[in-house]
Amino acid sequence: MGETTEVVAATTDSTKKGVIDSTHSFFLHPLDYPSMNLVSSTFDGKSYGAWRRAVVIALSAKNKLGFIDGTFSIPDENSSLQSAWARGNDMVLSWLLNSLSKEITESVLYSYNTKDL
């Protein structure tokens, strides 16, 4: 059986809930955490192609590639998926920022979403 997590909609009706199972792209596994290393080496401005390939492989394996290629659009504010999308976006942002050198991280730190980064 797949793991599930509940997403409470950001509405006044607290009984409205959505369920995200472990196959959904917005699902975050309990072992996914912000300071996790997505790739083994940080990007310092050199060997972009190899670093990019490693990031694409890692995000694809975690079913999160849509956050960086734009296929996961931001759900409406009233959608029960809004908070799940925001959490997923923030997690992928954290992973990507952790895979960049300090100098590069400082220049992109305030990117709103992963596609912009």
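**Exercise 1. Determine how the length of helix α3 compares with its expected span.**

Solution. The 17 residues of α3 should span 24 Å at 1.5 Å a residue, and the end C-alpha atoms of α3 are 24 Å apart, which agrees. The expected span of a helix is defined as 1.5 Å times one less than its number of residues. Helices (H or I, at least four residues) and strands (E, at least two) are DSSP runs, numbered from the N terminus.

The model is predicted: local features need pLDDT of at least 70, side-chain atom pairs count only at pLDDT 80 or more, and totals for chains, interfaces and linings use all residues. Residues are numbered from 1 along each chain as its sequence is written, and side-chain values use heavy atoms, with hydrogens and water left out.

**Exercise 2. State which elements the chain contains, and in what order.**

Solution. The chain has four helices and two strands. Read from the N terminus on, the order is β-β-α-α-α-α. Of the 117 residues in the chain, 36% are buried; buried means under 20% relative accessible area, exposed over 50%, and partly exposed in between (1.4 Å probe, protein chains only). Contact means heavy atoms within 4.5 Å. Among contacts between residues at least 6 apart in sequence, 57% join residues at least 24 apart.

**Exercise 3. Identify the residues that form the salt bridge and locate them in the chain.**

Solution. Begin with the number: the structure holds one salt bridge, that is, a side-chain nitrogen of Lys or Arg within 4 Å of a carboxyl oxygen of Asp or Glu. The partners are the side chains of Lys-62 and Asp-32, at 2.7 Å from N to O. Lys-62 lies in the loop between α1 (48-61) and α2 (66-69), and Asp-32 in the loop between β2 (17-21) and α1, so the pair ties together parts that are 30 residues apart in sequence. Next, consider accessibility: Lys-62 is partly exposed at 28%, whereas Asp-32 is buried at 13%. As background, side chains of opposite charge can pair when their charged atoms come close.

**Exercise 4. Explain why the ring pair Tyr-48 and Trp-51 is classed as tilted.**

Solution. The structure holds eight aromatic pairs. Rings of Phe, Tyr and Trp (its six-membered ring) pair if their centres lie within 6.5 Å; planes under 30 degrees apart count as stacked, over 60 as edge-to-face and the rest as tilted. For Tyr-48 and Trp-51 the centres are 6.0 Å apart and the planes stand at 40 degrees, so the pair is tilted. Both residues lie in helix α1, three residues apart, about one turn of the helix. Tyr-48 is partly exposed, with 45% relative accessibility, while Trp-51 is buried at 14%.

**Exercise 5. Classify the ring pair Trp-85 and Tyr-112, and place both residues in the chain.**

Solution. The ring centres of Trp-85 and Tyr-112 are 6.5 Å apart and their planes lie at 35 degrees, so this pair is tilted. The pair links distant parts of the chain, 27 residues apart: Trp-85 is in helix α3 (residues 82-98) and Tyr-112 in the segment after α4 (102-108). Trp-85 is buried, at 4% relative accessible area, whereas Tyr-112 is exposed at 52%. Ring pairs join Trp-85 and Tyr-112 with Phe-26, Phe-67 and Phe-72 in a cluster.

**Exercise 6. Describe the surroundings of Ser-25.**

Solution. Ser-25 lies in the loop between β2 and α1 and is buried, with a relative accessible area of 17%. Residues up to four places away in sequence aside, Ser-25 touches Asn-63, Lys-64, Phe-67 and Phe-72. With Asn-63 there is a side-chain to side-chain polar contact at 3.4 Å. A polar contact is a pair of N or O atoms within 3.5 Å; within protein, one must be able to donate a hydrogen and the other to accept it, and residues adjacent in sequence count only if both atoms are side-chain atoms.

**Exercise 7. Establish which helix gives the most to the largest nonpolar core.**

Solution. A nonpolar core is a set of buried Ala, Val, Leu, Ile, Met, Phe, Trp, Tyr and Cys residues joined through side-chain atoms within 4.5 Å. The largest has 22 residues, and those with the most contacts inside it are Phe-26, Leu-38, Val-55 and Trp-95. Helices α1 and α3 each supply at least two residues of this core, and α3 gives the most, with seven residues. Phe-26 touches residues including Ile-20, Pro-75, Leu-81 and Trp-85.
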